[in-house]
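Student: I would like a close look at a single part of this model, taken slowly and with the reasoning spelled out. Please begin with the cysteines and then follow the interior outward.

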Amino acid sequence: MPNNLVRLQKFMADNGIASRRKCEEMIEQGLVKVNGVTAHIGDKVNPKKDKVSVKGRKLSVQDNMKYIVLHKPRGYITTMQDEQGRKCVAELVQDVGVRIYPVGRLDRESEGMLLMTNDGAFSNAMTHPTRHVPKTYRVTIRPTITDEQIAAFQDGIEIDGRMTAPASLRIIDKSEGRVVVEVILYEGRNRQIRRMFEELGIDVARLKRTAVGSIKLGMLPQGKWRELDEEEVRKLMLAAEKGGRRDD
């Protein structure tokens with residue numbers, strides 16, 4: 001699939017129509033058209049070229065592109081709306097000025113660096129499964145970890161019948177009943193780090209994403225955000241391009 005194509009329901013959700021599930025229902029009901037033709041589940045669109053309409057209303061790509069880093073606190077879910085009334089990251093970026101959405105995810109109990117944007121091409125480059133943009137995490141685990149477990153983690157762990165990609169793990173601090181490690185992943189499955197440690201019989205007490213590519217969270221306070229500058233966006237796109245070439 002060309003990297004500039006995204007699933008229709010994702011494009012609709014990113015434009016604030018509804019949740020992805022509701023968008024799928026609208027597609028099934030024949031309420032969505034792409035370039036004047038009634039859409040179907042499974043359709044993909046180029047956000048910069050295709051014309052999408054919902055109930056006759058045209059959706060358009062934002063001209064004012066925004067790229068931000070949010071320091072997501074624990075307890076917030078990575079979505080722009082939640083039907084169950086839970087705290088979501090949308091509450092933390094209401095003052096950005098334009099509608100943006102998360103690039104990838106951090107689970108509810110994880111914290112740290114979350115990219116957000118209104119640029120579909122950028123989001124797809126960061127999250128496409130062929131891209132392998134490295135993401136760095138600081139993880140507190142219990143009670144300890146052995147050399148054999150470190151080697152197993154780095155080589156890959158079987159999750160849902162499929163091995164994870166090789167990862168990096170190094171010990172930062174070690175004390176009685178507690179170890180702090182740095183983990184670098186090159187893929188992004190759901191709750192991957194927690195599930196990898198779980199397979200090794202290790203409990204994750206705290207998980208914080210500290211960097212994506214070469215861009216670091218730094219001293220940005222929890223719940224606050226800052227804009228990425230042009231050079232930072234360029235570096236992230238370059239990292240995505242390099243990551244894609246790993247599969248060539």
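How many disulfides does the count come to?

Tutor: This is a predicted model, and the count comes to zero disulfides. Cys-23 takes part in none, since the cysteine sulfur nearest to its own, that of Cys-88, lies 16 Å away, whereas a disulfide requires a pair of cysteine sulfur atoms within 2.5 Å. Cys-88 is likewise in no disulfide, its nearest cysteine sulfur being that of Cys-23 at 16 Å. As for their surroundings, Cys-23 is buried, with a relative accessible area of 0%, and Cys-88, at 7% relative accessibility, also counts as buried because the limit for that class is under 20%.

From these buried cysteines we can turn to the nonpolar interior. The largest nonpolar core has 22 residues, and those with the most contacts inside it are Val-139, Ile-141, Val-183 and Phe-197. The elements that each supply at least two residues of this core are the strands β10 (135–142), β14 (178–185) and β15 (203–212), together with the helices α4 (147–155) and α5 (192–199). The largest share, four residues, comes from β14. Taking Val-139 as an example, and leaving aside residues up to four places away in sequence, one finds that Val-139 touches Val-179, Val-180, Val-181 and Val-183, as well as Ile-193, Phe-197, Val-204, Arg-206 and Leu-207. There is also a second, separate core of 18 residues, which includes Val-69, Leu-115, Val-212 and Leu-220.

The backbone deserves equal care. Most residues other than glycine have a negative phi, and most peptide bonds are trans. Against that background, the peptide bond from Arg-142 to Pro-143 is cis, with omega near -5 degrees, and Pro-143 is found in the loop between β10 and α4, two elements that each supply at least two residues of the largest core.

Two further backbone features concern phi. Lys-55, in the loop between β5 (52–54) and β6 (57–59), has a phi near 55 degrees, a positive value in a residue other than glycine. Asp-160, in the loop between β11 (158–159) and β12 (162–163), also has a positive phi, near 55 degrees, and is likewise a residue other than glycine. Lys-55 is exposed, with a relative accessible area of 63%, and Asp-160, at 67% relative accessibility, counts as exposed too, because that class begins over 50%.

Technical notes:
Residues numbered from 1 in each chain as written. Predicted model: local features only at pLDDT ≥ 70, side-chain atom pairs only at ≥ 80, totals over all residues. Heavy atoms only, no water. Buried < 20%, exposed > 50% of the residue type's maximum accessible area, 1.4 Å probe, protein only. Core = buried A, V, L, I, M, F, W, Y, C linked by side-chain atoms within 4.5 Å. Contact = heavy atoms within 4.5 Å.
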